[in-house]
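Work through the three exercises below with the structure open. Each task is followed by a solution in steps.

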Amino acid sequence: MTWSYVKKLSFTLLDAITDKDPMVQEQVCSSLCSLGEAQPQETLHACEEYLRHHDKLAHPYRTMILRAMEMILSSHIHELDKDTASIVILLACSEMTRTKELSCEWQQAASSVLVAVGKHFVNQVMEEVLIRFQPGILPHCSVLQTLASLSVSNAFGMVPFLPSILSTMIPMLSMAKQDTLRVVFCCALQHFSESTLEYLANLDQAPDPTVRKDTFAADIVGAYDILFHHWLQSRDAKLRLAVVSALGPMSHLLPSEKLEEQLPKLLPGVLGLYKKHAETFQISKSLGQILEAAVSVSSRTLDVQLDVLLVALHSQICVPVESSSPLVMSSQKEVLRCFTVLACCSPDRLLAFLLPKLDTSNERLRVGTLQILRHIINSAAAHMEAKKPFILSSMRLPLLDTNTKVKRAVVQVISAMAHHGYLEQPGGEVMVEYIVQQCALPPEQEPEQSGADCEGLVTDSVRAVSVRTLYLVSTTVDRMSDVLWPYLLEFLTPARFTTALTPLCRSLVHLALKRQETGADAFLVHYDKHANLPSPYAVTTRLLVVSSSPYLGDGRGAAALRLLKVMHRDIHPLLGQRWEKTVPLLLEYLDEHTEESLSLKEWEEKLLVFLRDTLTVVSDNTWICQLSLEMCKQLPCYNGTPQEKNFLYKCIGTTLGAASSKEVVRKHLQELLETARYQEDTEREGLACCLGICAITHLEDTLAQLQDFVKSDMFRKSIGIFSIFKDRSEHEAERVKSALILCYGHVAAQAPRELVLARVESDILRNMYQCFSTKDPALKLCLIQSLCMVSQAICSSTQASSFHFSRKAELVAQMMEFIRMEPPDCLRTPIRKKAMLACMYLVNLEPALEEQAQADVIHGCLHSVMALPAESEGEDGACQKTLYLDTVRALEDLLTSLLQRNMTPQGLQIMVEHLSPWIKSPRGHERARALGLGACLLQFFLGHLHVSALVPFHNLGLLVGLFSPRCADMWPATRQEAVGCVYSLLYLQLGYEGFSRDYRDDVAERLLSLRDGLVHPDPTILFHTCHSIAQVIAKRLPPDQLISFLLTMFESLGDPDKNCSRAATVMVNCLLKERGNMLLEKVGAGR
């Protein structure tokens, strides 16, 4: 681009900068900067010329242009030639000093341009600025600000000018009467001192290495006297803060004698400002600089002032903080920096002051002291090295504090200690235990933080901070490896550390892997050197059991399994290769699921398979017996977590099943039966599962031990121990009996089928019979559940067909008695459901039930469900509905099982006859239930229909006649079910006529489309649909079924539901119209 084009484009943009829309102004500035990126010199020239020619352009627009120029200069200062730099410097100086009135943004923008140019052309800038900085004349404020900013941005370029600048400026200080100008002078002195110190600290890189501190001494002393003795006394808060900000870096440039002389006044003077100012950042920063200066000259005054300093600084840390603004946080950091200085020069006196304050019960004092202690442990590590035992012992009382803020502070101190070798000292393990205890805090029990005092400051709970600390210390502090390993293993098994298991396992995995990488011994743990460590059996049991609830505690299942895998050599030398394959599969399964999608039953089964596989690989009876012993020992640890205890019982059963020692198996089973907490439902179930799994390989021993328990004093005592409290005694007895019966049920379900059959009646059921007289609902449920398991076991045996269950009828009758004893007007327990399921399994066994017994079962079960009030009358909504639906499903399963034993038209008719009274019931909900059951039975019959020869469906007319009038029932659901029943019956007829199951008949299929029309309540549509249904029936009903159909329909003419009686009329008329001729023939033939 040519200069004229850039100039023209720039001017066009600059003309638009006065647009009233701020968005347009912002876009113009952005475009101007973009142009400057491409053509920096030309753009700067254009801006300079534009400002020069537009003298009356308002200040806000001039400010925008100057800012754009500064941005261009910041990016391209090294591309600038001297001529352009000179033009820009002249413009900026002119803009900066054009008016004596303070227009901060405009003058600041011009000053910033000069500072940007001064980074590369400092001599040219100084030449122009110093013209406006003459002795004896108070300069423009912007000139001072520019000099100060230049010294910060380009110390090497500016410091050589400072002696002359200071000699000119110091006499001006007494001339400055306005506080605003004095503040500017103070800022300039602060920045001049800071740049001088930077220059002196980097003399090896400085352009003039001959510059010395004493070069500035006289001028700094003169400035100090005016600032400290006169201006610091001002009532203007801004001026006082400006003065103290300057005194900090200036103290480093004072001659040592002058500093020593002034310290007795200077330190109290600065400390006194804390009482006058709410914002203390500048005071604390300056105080830190003064203290550093005093230490650098080995001041003796500091010792005298130390106690006063410590009290003042300590109170600044302990003062309640009302916000977490960066300024407040920075102020605290500066106070802590002061403590670092004091810790390096007087460690003994500092600790003598701090450590006793840890014994106070005041929260703020203790938290503040802990913050200081943490800081000096980190920042003055070398000076604290010899004090480690002293500091560790002082933590005794803070470790006992239950206050959340104190706990958080203690954890942070321990973290600092870990990084600096404190925890390797005697007593360091107490600190590690404290961290683990905080990791074990239940999150819900941590108190909510509230109020302005802590708003914004507390973002993490004590537990979260502790978890993070434990992991960081384990993974990033190499020296902690020998402290934490294997010590952390001690916390795996105690129940009180359960909530800490995930962080513990993660840390232990990292530590173990690190030891393996460094080529440590094949065995990670030397148990002979660490007597308090949990045994391999204890570790295996604990990690396996907590894995059964894998998503609790931030995913402790995966963490526990990973630790198991990494410790395989210490668990057993043979497990490494196997676990390398099996553990990753378990972890992968967890990754594929969430807490919501995981089936706990499937997950537990996978863990039990893993355990069985492990026991098979080990194949060492001694090891297996030791593991089973440890598992039994750990049972009481899970009294508060029933699901995990239940799983542990299953693990015990699995382990005992792998043991070859019958004595060990019998002994453990005896202990389990004697010590179980029978009042807990989950524990009873767990114990039963344990014995069932054990019976897979030890059926004889398991049954023998159960029999011994029944005969034992323990069993008798558990039944009669509270006999003086009759109600309690009965309740306790029922719980023990419930568990025993469940045990027999699980033994039958799990043990080898060929062995179970021989023991069912002689051993298993014999102990159940004596309990059938109970009135206790829980015991009834256990009896029914166990009977279901026994029946299923028999049914699934290959010898089931030859097994003669002599007491089958008696058991069925007992189940029916349980059902009859249930209240007829409500459904509160699952006894009905489970008893019907038990009957379902029993009816499949030989011998077959007698006809009357079977009829009693059907009648009793139907009555127990059909007669229940409508669901809307129940009290518990969703729960009641679920229980009702499950009960209906159990009834359906029972009826279909009975039907399956007589899959003939006669067998179907028997079922429907039982349903008939309910189909014709005056209560709508009973009819709806009956039609639903009827539809289910017909679909089952149709689905299992196997016709080996063409036989007539002799009762088709009767069945169709029963269901078809219900197509006009008052209840829409009943109407639709009725159509479904007719539909199934017509296809049954087609099946008996020889058509295949997948054949579809166009006439019968019309019923499905007609069913939707039955939803509409309008009588005209309703009866029109019934007429159409009758037409379908008329076309498909065999001639020999017409009479039985009509006779059944005639009975429906008197149906209490008027809609059904009218529908019967419509259907009879339709049939007479459609098939009347055939009926005449039959009448004629009859004559």
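**Exercise 1.** Decide whether helices α46 and α48 are roughly parallel, antiparallel, perpendicular or oblique to each other.

Solution. In this predicted model, α46 covers residues 924-943 and α48 covers residues 972-992. Their axes come within 9 Å and cross at roughly 25°. Angles under 35 degrees count as roughly parallel. The two helices are therefore roughly parallel to each other. The crossing is left-handed. On the α46 side, the residues that meet α48 include Gly 924, Ala 928, Leu 931, Ala 935, Leu 938 and Leu 942. On the α48 side, those that meet α46 include Thr 974, Ala 978, Cys 981, Leu 985, Leu 988 and Tyr 992.

**Exercise 2.** Check whether the end-to-end distance of helix α50 agrees with its number of residues.

Solution. Helix α50 runs over residues 1019-1036, which is 18 residues. At 1.5 Å a residue, the expected span is 26 Å. The end C-alpha atoms lie 26 Å apart, so the two values agree. Among the buried residues of α50 are Leu 1022, Phe 1023, Ile 1029, Val 1032 and Ile 1033; Thr 1025, Cys 1026 and Ser 1028 are buried as well.

**Exercise 3.** Determine whether Thr 655 is buried or exposed, and describe its surroundings.

Solution. Thr 655 is placed in helix α33, residues 642-658. Its relative accessible area is 0%. Buried means under 20%, so Thr 655 is buried. A polar atom of the Thr 655 side chain lies 2.8 Å from the backbone oxygen of Cys 651. Leaving out residues up to four places away in sequence, Thr 655 touches Leu 611, Leu 615, Ile 624, Leu 627, Ser 628 and Met 631.

Terms used:
Residues are numbered from 1 along each chain as its sequence is written. This is a predicted model: local features need pLDDT of at least 70, side-chain atom pairs count only at pLDDT 80 or more; totals for chains, interfaces and linings use all residues. Side-chain values use heavy atoms; hydrogens and water are left out. Helices (H or I, at least four residues) and strands (E, at least two) are DSSP runs, numbered from the N terminus. The expected span of a helix is 1.5 Å times one less than its number of residues. Buried means under 20% relative accessible area, exposed over 50%, partly exposed in between (1.4 Å probe, protein chains only). A polar contact is a pair of N or O atoms within 3.5 Å; within protein, one must be able to donate a hydrogen and the other to accept it, and residues adjacent in sequence count only if both atoms are side-chain atoms. Contact means heavy atoms within 4.5 Å. Axes are lines fitted to C-alpha atoms, for helices over the stretch in contact, and angles run from 0 to 180 degrees between N-to-C directions. Angles under 35 degrees count as roughly parallel, over 145 as roughly antiparallel, 65 to 115 as roughly perpendicular and the rest as oblique. A crossing is left-handed if the near helix is turned anticlockwise from the far one by less than a right angle, and right-handed if clockwise.
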